[in-house]
Amino acid sequence: TISDVLIESQLNKMVVLDDENVAFGTIKNGVIFYNPFKNKVSYFNRNYGLQNNTVLGLAKKKDRLWVAQDNGVSMLNVASGIKFFNDLNGELGTVYDVKNFHGTTYLGSNTGVYYFKNNELTFLEGSQGHVWALSVIDDKLLCCHNTGLFEINGTKFTKIAGIEGTYTVVKVPEQVNTFLVGTYIGVVKLQYVKGNWVAQKC
């Protein structure tokens, strides 16, 4: 619940933003935005570009939220949809690709696939290794990976047709469910037939 979040984050300040949204300033987790009508919680803390996670004061003027902090003041444009994400612990590594798919943002890096869950960066289990590319083709999210080609469906990471080491995949124009996959040892023709992936070397 929002109460549990605020207790854990140590609520310090609060300001009403509009008829639906409230901003909470916390000691441990930056600014927490809350819409009680939609029960929606979002965060703007050090991971997203705030100087640090300690909020000592809040003031709103038009679309700007001024945040008093240990080392000065930060200004947030609350009307902007733009956010920054800082990987402070270095877990993410080098990002090679990013895709939005079915409402979720996925990132492919040299350490695997990550996605945002409740505004927190989450590792996709089983995806360890170097990701070269993420491709959305025919409403499928495909991952070109050091160990093969994978399909991502929610939090499932499934290897396709035993293909090894891939770096790109494209759809063959004017052919249904037919793709070409660039691998470490050549090109593979891939078809999606009756729910199954079938691979054939070119």
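What follows is a short chat about a predicted model and the reasons behind some of its labels.

Reader: Let's start with charges. How many salt bridges does a search of the whole structure find?

Author: The search turns up 3. One of them joins the side chains of Asp-97 and Lys-99.

Reader: What makes Asp-97 and Lys-99 a salt bridge?

Author: The N to O distance is 3.1 Å. The cut-off is a Lys or Arg side-chain nitrogen within 4 Å of a carboxyl oxygen of Asp or Glu, so the pair counts.

Reader: And is Asp-97 buried or exposed?

Author: Asp-97 is buried, because its relative accessibility is 17% and buried means under 20%. Its partner Lys-99 has 25%, and that lies between the 20% and 50% limits, so Lys-99 is called partly exposed.

Reader: Which residue forms a salt bridge with Asp-138?

Author: That's Lys-171, with the closest N and O atoms 3.0 Å apart. This pair links distant parts of the chain: Asp-138 sits in the loop between β12 and β13, Lys-171 sits in strand β16 (residues 166-171), and 33 residues separate them.

Reader: Why are Asp-138 and Lys-171 called partly exposed?

Author: Asp-138 comes out at 32% and Lys-171 at 35%. Partly exposed covers what lies between 20% and 50%, so both get that label.

Reader: What about Glu-164 and Lys-159: how do you know that they form a salt bridge?

Author: Their closest N and O atoms are 3.1 Å apart. The limit is 4 Å, so the pair qualifies. Lys-159 is partly exposed, because its relative accessibility is 36%.

Reader: On to the backbone. What is unusual about phi of Asp-139, given that it is not a glycine?

Author: Phi is positive there, at about 60 degrees. Asp-139 lies in the loop between β12 (131-137) and β13 (140-145). Lys-194 also has a positive phi, near 50 degrees, and is a residue other than glycine. Its place is the loop between β18 and β19.

Reader: Why is Asp-139 called exposed, and why Lys-194?

Author: Exposed means over 50%. Asp-139 has a relative accessible area of 53% and Lys-194 has 83%, so both pass the cut-off. Ile-7, in helix α1 (residues 2-9), passes too, because its value is 67%.

Reader: How far apart are the C-alpha atoms of Ile-7 and Thr-147?

Author: They are separated by 44 Å, with the two positions 140 residues apart along the chain.

Reader: Which residues make the nonpolar surface patch?

Author: Tyr-96, Trp-132, Tyr-167, Tyr-184 and Ile-185 make it, over about 570 Å².

Reader: What makes Tyr-96, in strand β8 (residues 95-101), accessible enough for a patch?

Author: Patch residues need over 30% relative accessible area. Tyr-96 has 39%, so it clears that bar while still being labelled partly exposed.

Reader: Last one: what lines the second largest pocket, and which residues are closest to its centre?

Author: The pocket holds about 200 Å³ of space. Of its 13 lining residues, the closest to the centre are Ile-163, Thr-183, Ile-185, Val-188 and Lys-201. Strands β18 (186-193) and β19 (196-201) each supply at least two residues of the lining.

Reader: How do the lining residues divide by type?

Author: There are 7 nonpolar, 4 polar and 2 charged. Lys-201 is one of the lining residues, and Lys counts as charged.

Note on methods: Residues are numbered from 1 along each chain as its sequence is written. This is a predicted model: local features need pLDDT of at least 70, side-chain atom pairs count only at pLDDT 80 or more; totals for chains, interfaces and linings use all residues. Side-chain values use heavy atoms; hydrogens and water are left out. On a 1 Å grid over the protein atoms alone, a cavity is a set of points where a 1.4 Å probe fits but cannot get out, and a pocket is an open set with protein on both sides within 12 Å along at least five of seven lines; lining residues have an atom within 4 Å of a point. Grid points are joined across faces, edges and corners, and a volume is the space filled by probe spheres set on the points. Helices (H or I, at least four residues) and strands (E, at least two) are DSSP runs, numbered from the N terminus. Patches are made of residues with over 30% relative accessible area and no salt bridge: like charges are joined within 9 Å, nonpolar side chains (Val, Leu, Ile, Met, Phe, Trp, Tyr) within 5 Å. Accessible areas come from the Shrake-Rupley method with a 1.4 Å probe; for residues, only the protein chains shown count as cover. Buried means under 20% relative accessible area, exposed over 50%, partly exposed in between (1.4 Å probe, protein chains only).
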